[in-house]
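Take a look at the chain below. This report walks through its rings, its charges and one of its helices.

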Amino acid sequence: MEDSESGVSVQTNIERVSCSMTGDYSDSPATGADVRLLCDLISGRSVSPPHAERHTALLECARAHRIERLAIRAIRVRGDAPQVWFGTTAGILDDERTLAVLDTVRTRELRTVVTTLAGIKGAKPVVFKGAALAHSHYAAPWLRPRLDTDVLISPSSVGLAFGALEALGYQRAVSTSGELVLSQAPLTRTDSFGVEHALDLHWRIANWQVIAAVLSHDDVASRAVTLAAAGADGRAASNPDALLIACLHRAAHHRDSGELLWLYDIHLLAEQMSDSDWSAVVAVAERGAVKALVRRGLSLALDRFQTRFPNRVLQELDTAADAAPEPSTVYLSGDLRLVDGLLSDLRSLPARKRARLLAEHLFPPATYIRQRYRATTRASMAFYYVRRIASGLPRWFAARRNS
């Protein structure tokens, strides 16, 4: 596949762009004036380009927050040249054609996956998070980078879904398992173009018990809306459910991250909500005891992008007058540790399930130990169980600061 205008291999560009979207951005920096300028820029407010000495820092900030494509689009809408904002290094973002080709390949794959999962009785696949929003709320799907495609299916269909995806060439990553400890599984396959397709198959919306209990697959599937990009069977989470998930995911999975991409998702969703949608969000947040997490996400979007939504929403989500803090507020801690999340999970479960959750964390299935550590004897199995617990303890008690 050759680019006849430049002589550059489109295949090479696809591989480069694909690889550049596989990092962990949960610790993206918030850099004050640069963040504010970028927010104003992509929101279409009247702002002036920065001085030349700020070009590099502004571009680095945009890339750290994964909004560089949105910024370039906004700059071009203004009629400015990207170099006026980001300097000579802005040329590295002049690859929209490659992004569009890559997105076409990934969209075709999405349709195949959704069609396959929809063929499983009772699976009722729903595309959610970044992949869904890219096609439903962004002007072009490649403006919304994502590391994988998240699909939610019914818990009863998981085994059949794994088999169907493996038949398509997907390989499941080696991971632990358990009814309580895990609610999703990553799978990947590389197609004939050399593009790696990363799929995150969920049967609950999150691993943390407090968060997973807020919305079940049945809840999300019953309110799902058409997602044409995913084919005839394509369904996406409704705006209220998608907004709830965006707020919860940002806080619980990404440690109350200030990353602008997460907040822009919330902004776009919030601005398309009806009054009845907001009533549904508040009702679910109150029932699931996650009002503070949802309020936090909306407050940050309001601060960064001047998001428009009814004044009553923040008032109804206010927990100041509540008798006790919501258990989920642990995810708003500035020094969150993994053990804090675990303790929150344990408090939310009945006694018998608490013991089961601890056992699943401490003693994963023997098949996992064999695959993960290549253990072949009983003695080596016992050794790796002990080593895994000992080496994991520091990580569980280490503070994980938010961004």
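What follows covers a few local features, one topic at a time. The model is predicted.

## Aromatic pairs

How many aromatic pairs does the count come to? The count is eight. One of them joins F162 and W203. Their ring centres are 6.2 Å apart, and their planes meet at 90 degrees. That makes the pair edge-to-face.

This pair links distant parts of the chain. F162 belongs to helix 8 (residues 158–167). W203 is in the loop between strand 5 (196–202) and helix 9 (209–212). The two residues are 41 apart in the chain. Are they buried or exposed? F162 has a relative accessible area of 10%, so F162 is buried. W203 has 14%, so W203 is buried too. The cut-off for buried is under 20%.

## A tilted pair

F363 and Y385 also form an aromatic pair. Their centres lie 6.2 Å apart, with 55 degrees between the planes. This pair is tilted. F363 sits in the loop between helix 17 and helix 18 (366–373), while Y385 sits in helix 19 (residues 378–397). The pair therefore ties together parts that are 22 residues apart in sequence.

The two partners have their own accessibility values. F363 is exposed, because its relative accessible area is 52% and exposed means over 50%. Y385 has a relative accessible area of 18%, so Y385 is buried.

## A nonpolar patch

F363 has another role to note here: with L358 and L362, F363 forms a nonpolar patch on the surface. Together the three have about 270 Å² of accessible area. L362 lies in helix 17 (residues 351–362). L362 has 36% relative accessibility, so L362 counts as partly exposed.

## A cluster, and charges over rings

Three aromatic residues form one cluster: Y138, Y264 and F305.

Charged side chains meet rings as well. R66 places its charged end over the ring of W262, 4.9 Å from the ring centre. R372 lies over the face of Y373, and here the distance to the ring centre is 5.0 Å.

## Helix 4

Helix 4 spans residues 68–78. Which of its residues are buried? They are E68, R69, L70, A71, I72, A74 and I75. These buried residues pack against several other helices. The partners are helix 2 (33–42), helix 3 (55–64), helix 5 (82–86), helix 6 (96–118) and helix 12 (260–270).

Just after helix 4 comes G79. G79 takes a positive phi of about 90 degrees.

Key
Residues are numbered from 1 along each chain as its sequence is written. This is a predicted model: local features need pLDDT of at least 70, side-chain atom pairs count only at pLDDT 80 or more; totals for chains, interfaces and linings use all residues. Side-chain values use heavy atoms; hydrogens and water are left out. Patches are made of residues with over 30% relative accessible area and no salt bridge: like charges are joined within 9 Å, nonpolar side chains (Val, Leu, Ile, Met, Phe, Trp, Tyr) within 5 Å. Accessible areas come from the Shrake-Rupley method with a 1.4 Å probe; for residues, only the protein chains shown count as cover. A salt bridge is a side-chain nitrogen of Lys or Arg within 4 Å of a carboxyl oxygen of Asp or Glu. Helices (H or I, at least four residues) and strands (E, at least two) are DSSP runs, numbered from the N terminus. Buried means under 20% relative accessible area, exposed over 50%, partly exposed in between (1.4 Å probe, protein chains only). Rings of Phe, Tyr and Trp (its six-membered ring) pair if their centres lie within 6.5 Å; planes under 30 degrees apart count as stacked, over 60 as edge-to-face and the rest as tilted. A charge sits over a ring if NZ of Lys or CZ of Arg is within 6 Å of the ring centre and within 35 degrees of the ring normal. Contact means heavy atoms within 4.5 Å.
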